[in-house]
Amino acid sequence: MNLDTLLPLELLRPGEWADVAEVTGEATWVSRLAELGLRSGSRLRLLQAGWPCLLQIGGCRLSLRNEQGTQILVRPVAY
Amino acid sequence: MGSDPKRIAALIGNPNTGKTTLFNALSGLRQRVGNYPGVTVETKKGQMCCGGQTFELIDLPGTYSLSPRSPDEMVAVDVILGRQQGEARPDVVISIVDASNLERNLYLTTQVLELGVPVVVALNMIDVATAQGIRIDTERLSRQLGVPVVAIQANKKKGLEALREAICRAASGAALASQESARGTNAAPLATHRPPFPEVFECAIHQLHRELGEDIPEYLLRRLVLDVGGWTEQRLVAQFGEGIRQKAQEVRQRLAQAGCPVPAVEARARYGWIREVTAGCIQRPAQRAVTWTDRIDRVLTHKVWGTLIFLTLMFLVFQAIFTWARPIMKVISDGKDALAELLRGQLPPGPFTALLLDGVLEGVGAVVVFLPQILILFAFLAVLEDCGYMARAAFLMDKLMARCGLSGKSFIPLLSSMACAVPGILATRVIENRRDRLATILVAPLMSCSARLPVYILLIGTFLTGPGFARWLPGLVMFAMYAIGLVLAPLMALVLKRTLLRGQTPVFVLEMPLYKVPSPRLVLRRMLDSGWAFLRRAGTLILASMVVVWALLYFPRGGGPEQPPYDVRIAAMQKELDDLKDQGRAGGVNSPVNEQGRAEGVNSPVNEQGRAGGVNPPVEPGEQGVSPPRLFYQLLEGKEQQINECIAEWKRQSYLGRMGKAIEPAVRPLGWDWKIGMAALASFPAREVVIGTLGIIYSTGKQDSDEIRNAANVADTLLARRMKEARWDDDPTRPVFTIPTALSLMVFFALCCQCASTLAVIWRETHSWRWPAFTFTYMTVLAYLGALVVYQIGRLLGG
């Protein structure tokens, strides 16, 4: 896999690791996600795909359902 | 130092960091729960002693940040800034952080550092972090962060002495602190450093500060710029006019030009600084260890197994609410009846006694009878919440709930409403999105609660059971009644979310906390808090409405120049009946009417034995002819019948009875006569009243819901027989109750909001009379239309 490609989060497969490259959308939600640790630069692992998905970020797990408007781009990493 | 004014400490932290546990450990038993005006979140207050000083400890609502987006989130900011009315500014803020997830937790801490109050960081769950192989150098962290850091284990009460000491020292003021920092021995409690924001931002904030006056705290100006459309912006615009919004927009543009756009700039500045200050303080294993939480989650969040386990669990909770609460509820209602009986013997008959017994005591009983269900449900909810399961349940149910515009967090409140809408509505507090919460509250009363059950049982048992009906029919109709709520509630939520509560669908994001053993103390406390809140909040309104219905049924008392009022006549007849019974007893006839079965006047319960004896006198097997006891029974029976008819006549001419007659044209299309209309009217404060009112109208004495519920064969009860015999006033050949009428009445009860407690709780939770009024209106309209459609279709099909 080309590790430089940016993917939307929903295309990540369960078990894969990725670095968040960009979170765009309404300011309120971008900052809310940042407070929870989901921001550009943070490393995450997709535990369960689909909406809502289950993510591992740092020491915590987040359940996330993304509605239209907020987009999370990630760069897959090997870990 | 004892003469010092009381010092104040505020406790703040992310959800699931053990904040409540720490609060309980520091403040002991003396706690008060309070609401600030205009917000739904609660703040707790307690007292903490350390170093001979008493602190007032304020437990602020759990939050991930101090970037207020709603009045609820503004509370924490206002309290720490000393802008909350009637609240002095805290002397120290304790910021509790989860050691196993330090960086993210410090985000909130960096915001607290900007508020200009001494801060102490409580590093909680240090044991969990250690188990994961994370090692934290507390002293170094404290030096680099610039505030005291104390490692604690709140659940084991470890490290609390050191924390108390640090709090005390931090609150003792800047003088002492500067001495210490001069000696270089300890960190200053007042933050000397904080996350650096771009120069252009700081300049703009200074400028705004000068322009708007010094009394607006600098922190709020920072929030004005950083939170686009946030609550600070709304509040400052209301105070200073639209111009301020433009100014904020200009600063944002300047920031974007400088390459640090809002909102990314804040996350970048804070997390960047956090990375710097934690550098060298934290050691992590190269590979993250697989924790117990990971293993449990593999099953509990699994799409198939997780869902199955969740459904089983919910079924068990339900079953418990139904079965465990029933005996306690019976004890309460029996106790109420016994007390009424006792008082009735002591007090002279008259309006005052009737008000006290049938209005106030019945009203109090109607409130207290809900308590067991509320306490049991909240005990379960508290256990599930505290052990960390609730977030998993919300995750599992989110997909389903998203289809009707809600989120997974709405599931449990809706499900709880099938037991009782009151605790269900209280349980919506976990939903942080205001529109979602409101939509959930508004549709929760549509779910078929347990109080509707007696109505269903009575009508199904009377009109849809027996010869000529399929065996599976009663079960099917019962299921259909529950299905109405289950289908309509989500549909209604969808309609509300598309119309009245329209707005952008929020991103659903929820933290899955680590699993832990729930603390019994916390569970007990939450249980008692919710019970007390219910009594205090809903109790008064339920009581008031019960008294109103009582009055409408009591007055006018009738009577005139030739006849005394009804209640006096009934009391007199009652006396005759009692004398008769005494004679019987003296004559050696064992009265079938039990001692307690004296039907004293109005609403008094004729007990089961009394009624059974009255209608079906026990005949010895093989007994022939008319024996003396049998004659005596018939005499008693006749007297009792006379009393019941007098009560019925009284009720028919009461104000409520007249209202029933007045609305007959309106309920006729539903297939109801004025008696059913009146019973439905009387049951608006509490739907379970309908059985009792039907009993009064059909002259059977007071009918008890429990009796209908527990009867082996409902169709054999006196009320069922009387209802079958009922005929239209204007056409005595036509029975009132046909299958379409029974169905229309059931559908009406399934959809109507006949519950003052629910409306009272909605009023308390939404802080507005508009939403209960809306709920009442839409549900009544829905119920009327539903009943109309059912009756008319049923009639067409030849019912």
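These exercises, each with a worked solution, explore a predicted model.

**Exercise 1. The contact between the chains**

Find how many residues each chain gives to the contact, and which elements of chain B take part.

*Solution.* Start with the counts. Chain A gives 26 residues and chain B gives 29 residues. Next, look for elements of chain B that each supply at least two residues to its side of the contact. These are helix H3 (102-113), helix H12 (264-278), helix H17 (389-402) and strand S10 (508-512). Last, sort that side of chain B by class. It has 15 nonpolar, seven charged and seven polar residues.

**Exercise 2. A sheet with strands from both chains**

Trace the order of the strands in the open sheet that includes S10(B), then say which strands stand at its edges and why one side of each has no neighbour.

*Solution.* Read the order across: S1(A)-S6(A)-S2(A)-S3(A)-S4(A)-S5(A)-S10(B). That makes seven strands, with antiparallel pairing. Now take the two ends. Strand S1 (7-8) of chain A and S10 of chain B each have a single partner strand, so one side of each lacks a neighbour in the sheet.

Then check the link between the chains. Strand S5 (residues 60-65) of chain A and S10(B) run antiparallel and are joined by five bridges. In S10(B), B:Phe508 stands opposite A:Arg65.

Finish inside chain A. Seven bridges join strand S2 (residues 17-24) to strand S6 (residues 71-77), again antiparallel. A:Asp19 has A:Arg75 in S6(A) as its bridge partner.

**Exercise 3. The surroundings of A:Gly41**

Decide whether A:Gly41 is buried, exposed or partly exposed, and name its contacts beyond four places in sequence.

*Solution.* Locate the residue first. A:Gly41 lies in the loop between helix H1 (27-35) and strand S3 (43-48) of chain A. Count next: 13 other C-beta atoms are within 10 Å of A:Gly41. Buried needs 20 or more, and exposed needs 12 or fewer. Therefore A:Gly41 is partly exposed. Leaving aside neighbours within four places, A:Gly41 is in contact with A:Asp19 and A:Val20.

**Exercise 4. Two helices of chain B**

Work out how H33(B) is covered, and where the buried residues of H27(B) sit around its axis.

*Solution.* Take helix H33 (residues 739-751) first. Of its 13 residues, 12 are buried. Among them are B:Pro740, B:Leu745 and B:Phe749. The cover includes helix H21 (453-463), helix H22 (473-498), helix H29 (674-682) and helix H35 (770-796) of chain B.

Turn to helix H27 (residues 655-662). Its buried residues are B:Leu656, B:Gly657 and B:Gly660. They span an arc of only 105 degrees around the axis, so they lie on the same side of H27(B).

Methods
Residues numbered from 1 in each chain as written. Chains lettered and ligands numbered in written order. Predicted model: local features only at pLDDT ≥ 70, side-chain atom pairs only at ≥ 80, totals over all residues. Contact = placed C-beta atoms within 7 Å. Helix = DSSP H or I, 4+ residues; strand = E, 2+ residues; numbered from the N terminus. Nonpolar A, V, L, I, M, F, W, Y, C, P; charged D, E, K, R; others polar. Pairing = 2+ DSSP bridges. Arc of directions from axis to C-beta.
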